[in-house]
Amino acid sequence: MPSHTENTGSLAIVGLGPGKREYMTARALKAIASAEYVLGHSMYLEPLEPLLNGKTVISSSMGKEVDRAQQAIDLAKTHAVAIVSGGDAGVYGMASIVLEVLEHDGAEIKVEVIPGITAANAAASRVGSPLSGDFAVISLSDLLTPLEIIEKRLDAIFSLGIPVVLYNPKSRGRPHNFALAVEHARKHLGKETPIGIVKNALREHEETIITTLGEIEEHIPAIDMHTTVIIGGSESRIWRRGDDVKGIITPRGYHRKYIY
Ligand code: SAH
């Protein structure tokens with residue numbers, strides 16, 4: 001008798017949050033604690049190391065997501081498996097590819113998607129309250145989405161005047177996409193529009209810059225693949241105390257109803 005029968009396993013698709021342990025959910029910690037196998041990109045697995053004792057850890061590199069998803073599903077037919085993503089697994093993460101491969105595989109496996117703090121929330125929290133109402137999120141990576149579509153979407157969302165969060169703003173493979181986003185923003189927003197640049201939000205080596213659309217050029221070298229950029233909307237403003245920049249505020253609209 002094998003110790004496991006078909007499909008007695010489980011699959012947790014776990015969002016790890018931005019990086020520091022205290023920003024992980026209790027549910028994510030529990031799913032990792034009860035997993036026999038943990039799969040993910042090595043960048044996300046390294047900080048988890050103390051939690052991985054006694055587990056089989058399968059780390060792989062970027063670009064191997066489909067293989068990793070299939071491997072997780074095959075293992076989850078008979079074992080408790082956790083597959084991890086940074087931030088939220090459902091936001092530019094592993095959740096969709098794992099579910100697509102599972103849909104195709106047809107296996108009956110217990111699956112749970114465990115949410116995590118996504119980069120938009122992590123970055124916003126470090127620069128005040130820039131995303132207080134409606135906002136949009138877009139990735140500048142043209143690895144899986146053609147650049148023409150990204151540009152169409154940039155133009156459309158900046159035209160709404162709501163804050164826009166840029167994921168994957170720059171990497172070696174696509175150094176010019178950020179400049180394109182700035183061009184689209186400038187068609188619709190004034191040069192005083194606040195911008196928050198947050199590198200490594202809520203993890204080691206965090207860096208924060210608050211600037212404006214008019215002065216963004218000088219900060220472009222600071223933007224890399226570990227950075228999230230928040231471009232404010234038409235109502236966003238910089239909160240100052242004297243000469244000090246305290247943060248970015250996008251009012252929710254209380255001033256239209258109350259006096260304070
Ligand atoms: N699933 C992840 C996003 C993966 S896409 C999430 O929900 O956060 C990768 C991009 O996310 C990076 O290029 C960067 O723009 C952003 N990102 C992820 N973690 C970040 C962090 N701690 N600080 C700043 N940006 C981050």
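Is E235 buried, partly exposed or exposed? At 40% relative accessibility, E235 falls in the partly exposed class, because that class lies between the limits of 20% and 50% relative accessible area. The model discussed here is a predicted one.

**Salt bridges**

The structure contains 8 salt bridges. Three of the pairs are listed below.

| Pair | Closest N to O | Sequence separation |
|---|---|---|
| E112 and R27 | 2.8 Å | 85 residues |
| R126 and E206 | 3.0 Å | 80 residues |
| E235 and R256 | 3.2 Å | 21 residues |

E235 has R256 as its salt-bridge partner, with 3.2 Å between the closest N and O atoms. E235 is in the loop that runs between β11 (227-231) and β12 (237-241), while R256 belongs to the segment after β13 (244-249), so the two are placed in distant parts of the chain. R256 is exposed, its relative accessible area being 57%. Apart from this pair, D74, K77 and D105 are joined into one network by salt bridges that share partners.

R126 and E206 form a salt bridge through their side chains, at 3.0 Å from N to O. This pair also connects distant parts of the chain: R126 is in helix α5 (residues 119-126), and E206 is in the loop between β9 (194-199) and β10 (207-212). R126 counts as partly exposed at 39% relative accessibility, and E206 is partly exposed with a relative accessible area of 28%.

In the salt bridge of E112 with R27, the closest N and O atoms are 2.8 Å apart. E112 is part of strand β5 and R27 of helix α1, so this pair ties together parts that lie 85 residues apart in sequence. E112 is partly exposed, with 30% relative accessible area; R27 is likewise partly exposed, with 40%.

**Helix α1**

R27 belongs to helix α1, which spans residues 26-33 and has A28, A31 and I32 as its buried residues. These buried residues lie on the same side of α1, because they cover an arc of only 95° around the axis. On the other side of the helix, A26, K30 and A33 are exposed.

Which strands are among the elements covering the buried residues of α1? The cover includes β1 (10-15), β4 (80-85) and β5 (110-114). Strand β5 thus appears twice in this account: it is included in the cover of the buried residues of α1, and it holds E112, the salt-bridge partner of R27 in α1.

How values were computed:
Residues are numbered from 1 along each chain as its sequence is written. This is a predicted model: local features need pLDDT of at least 70, side-chain atom pairs count only at pLDDT 80 or more; totals for chains, interfaces and linings use all residues. Side-chain values use heavy atoms; hydrogens and water are left out. Buried means under 20% relative accessible area, exposed over 50%, partly exposed in between (1.4 Å probe, protein chains only). Helices (H or I, at least four residues) and strands (E, at least two) are DSSP runs, numbered from the N terminus. The arc is that of the directions from the helix axis to the C-beta atoms. Contact means heavy atoms within 4.5 Å. A salt bridge is a side-chain nitrogen of Lys or Arg within 4 Å of a carboxyl oxygen of Asp or Glu.
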